[in-house]
Amino acid sequence: MKFLIHGNSPQAKTGYGIQIAQLADQLVQAGHDPACSVTWGLQGGIENWRGIRLYGCGYETNSNDRIHMHAQHWFDAEPGWIITCIDVWAMENPRLKDFNVAAWVPI
């Protein structure tokens, strides 16, 4: 199954970045196909990290202007899940209702 993890870049040595890197690695080990929609740590463009696609930040705060486009591109009409690793209140994109979304939130 495809997953799109939305949060800091897994390359970032931040609390969120480290958690996202661990989750992405675990999804690969479980046989899934993850990518990351970056909110911080990769400005623009697309890169690969450990064989995992990274979609760069958007222009709006928390990349709210890009997450749906990253999901459409990554899922390519296949079923998939967006996993957000960011405060829920920060997700303001109304088009998220078109996707399966699981919020992984800090406590």
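Leaving aside its neighbours within four places in sequence, which residues is H70 in contact with? Let's work up to that and beyond.

This is a predicted model, in which local features need pLDDT of at least 70, side-chain atom pairs count only at pLDDT 80 or more, and totals for chains, interfaces and linings use all residues. Residues are numbered from 1 along each chain as its sequence is written, and side-chain values use heavy atoms, with hydrogens and water left out.

**Exercise 1. Place H70 and list its contacts.**

Step 1: Find the element. H70 is found in helix α2; helices (H or I, at least four residues) and strands (E, at least two) are DSSP runs, numbered from the N terminus.

Step 2: Check burial. H70 has 9% relative accessibility, so the residue counts as buried; buried means under 20% relative accessible area, exposed over 50%, partly exposed in between (1.4 Å probe, protein chains only).

Step 3: Collect the partners. Contact means heavy atoms within 4.5 Å. Beyond the neighbours within four places in sequence, H70 touches L4, S37, Y55 and G56.

**Exercise 2. Work out the strand order of the sheet and find its edges.**

Step 1: Read the order. The six strands form an open sheet, β3-β4-β2-β1-β5-β6, with mixed pairing; two strands pair if DSSP finds at least two bridges between them.

Step 2: Look at the ends. β3 (46–49) and β6 (100–103) each have a single partner strand, so one side of each is left without a neighbour in the sheet.

Step 3: Zoom in on one edge. β3 and β4 (residues 52–55) run antiparallel and are joined by four bridges. I46 has Y55 in β4 as its bridge partner.

**Exercise 3. Describe how the helices lie on the strands.**

Step 1: Take α1 (residues 15–29). Helix α1 lies across β1 (2–8), β2 (33–40), β3, β4 and β5 (80–84), at about 170 degrees to β1. Axes are lines fitted to C-alpha atoms, for helices over the stretch in contact, and angles run from 0 to 180 degrees between N-to-C directions.

Step 2: Take α2 (residues 67–75). Helix α2 lies across β1, β2, β4 and β5, at about 150 degrees to β1.

**Exercise 4. Sum up the whole chain.**

Step 1: Walk from the N terminus: the elements run β-α-β-β-β-α-β-β.

Step 2: Count burial. Of the 107 residues, 47% count as buried.

Step 3: Consider sequence separation. Among contacts between residues at least 6 apart in sequence, 54% join residues at least 24 apart.
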